[in-house]
Amino acid sequence: KVDPKNAAKIAEAYHNAQHMPNDPHVKSAYDALINETKDQYQHMLNNGLRVTKIQAGQENPYKTSKDLFNDVKNNNHIAYFPTDQGFGNENQNDNDHPMLQPTEHLDNEGKPMAANDIFRIVHDYFGHAKEGNGFGANGEEGAWKHHMQMYSPLAQKALTAETRGQNSWVNFGPHGEENRKNPANTRYADQKATILPDFASQHGEQSVYSQLHKNEND
């Protein structure tokens, strides 16, 4: 379960973090996250996963997290809310965010999918559906913890900002209490390409990715 005190510290760190997409360390972390995520996505496609984009104005096909879990388990299918229908906030210039870069993967309309589309699909699959983690505060913490194991240490830094950082802000930041009481009217965190302090990435599982490469070198 999420530690509220630690989550509040992470929320504050995310709130104070700067959007720094051109910082070399930030850029390297996000490049690693995107490349490793695309590998995971290709693995999912190779195993028959079908992906459908939720159209503008279309009702969310998942009323609860269990609907998502059942769709993945029983149908090997997942529907996703596309990035071009909502990313960041209207007062923010998101054009330079690395998660907005197009990938080689195409949606069901033949348009390139953004790196953020790929990441959210993969995270919903491996972080949430695979382990049965919901989308509340505890579920998001579990999804971060489990998905961390699939990334290199460098990619983990960007993963933490994109998941644990944003979700801590949502649930334990300046609007946390209101968001927890009224999840239908959640106020989401600004999208920032950033690296959080080291403590924000602690208490995660050891990276299986790293362990595999360590074994190769032994």
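A polar contact here is a pair of N or O atoms within 3.5 Å; within protein, one must be able to donate a hydrogen and the other to accept it, and residues adjacent in sequence count only if both atoms are side-chain atoms. The side chain of Asn 138 makes such a contact, reaching the backbone nitrogen of Val 2 at 3.0 Å.

The model is predicted: local features need pLDDT of at least 70, side-chain atom pairs count only at pLDDT 80 or more, and totals for chains, interfaces and linings use all residues. Residues are numbered from 1 along each chain as its sequence is written, and side-chain values use heavy atoms, with hydrogens and water left out.

**Overall build**

The protein has eight helices and four strands. These are DSSP runs numbered from the N terminus: helices are H or I with at least four residues, strands E with at least two. In order from the N terminus, the elements read α-α-β-α-β-β-β-α-α-α-α-α. Of its 218 residues, 45% are buried. Buried means under 20% relative accessible area, exposed over 50%, and partly exposed in between (1.4 Å probe, protein chains only). Contact means heavy atoms within 4.5 Å. Among contacts with a separation of 6 or more, 72% join residues 24 or more positions apart.

**Three polar side chains**

| Residue | Place | Relative accessible area | Polar partner and distance |
|---|---|---|---|
| Asp 107 | loop between β3 and β4 | 12% | backbone nitrogen of Glu 109, 2.8 Å |
| Ser 152 | loop between α5 and α6 | 9% | side chain of Glu 36, 2.6 Å |
| Asn 138 | helix α5 | 38% | backbone nitrogen of Val 2, 3.0 Å |

Asn 138 counts as partly exposed because its relative accessible area is 38%. Leaving aside neighbours within four places in sequence, Asn 138 is in contact with Lys 1 and Val 2. Its C-alpha is 8.9 Å from that of Asp 3, though 135 residues separate the two in sequence.

Asp 107 is buried, because its relative accessibility is 12%. With neighbours within four places set aside, Asp 107 touches Lys 53, Tyr 80 and Met 113. Ser 152 is also buried, at 9%.

**The nonpolar core**

In soluble globular proteins, nonpolar side chains tend to be buried together. A nonpolar core is a set of buried Ala, Val, Leu, Ile, Met, Phe, Trp, Tyr and Cys residues joined through side-chain atoms within 4.5 Å. The largest one holds 44 residues, and Tyr 30, Leu 33 and Leu 196 touch the most other members. Elements giving two or more residues to this core are α1 (4–16), α2 (24–46), α3 (65–75), β2 (77–80), α4 (115–129), α5 and α6. Helix α2 supplies the largest share, eight residues. Beyond four places in sequence, Leu 196 contacts Ile 10, Ala 13, Tyr 14, Ala 17, Thr 160, Ala 161 and Gly 165.

**The cavity**

A cavity is a set of points on a 1 Å grid over the protein atoms alone, where a 1.4 Å probe fits but cannot get out; lining residues have an atom within 4 Å of a point. The structure holds one cavity of 30 Å³ or more. The largest cavity has about 80 Å³ of space, a volume being the space filled by probe spheres set on the points, which are joined across faces, edges and corners. Its lining includes Val 2, Ala 7, Trp 144, Arg 164 and Phe 172. Helices α5 (137–148) and α6 (153–172) are the elements that give two or more residues to this lining. The largest share, six residues, comes from α6. By class, the lining has five nonpolar, four polar and three charged residues. Asp, Glu, Lys and Arg count as charged; Ala, Val, Leu, Ile, Met, Phe, Trp, Tyr, Cys and Pro as nonpolar; the others, Gly among them, as polar.

Note on methods. On a 1 Å grid over the protein atoms alone, a cavity is a set of points where a 1.4 Å probe fits but cannot get out, and a pocket is an open set with protein on both sides within 12 Å along at least five of seven lines; lining residues have an atom within 4 Å of a point.
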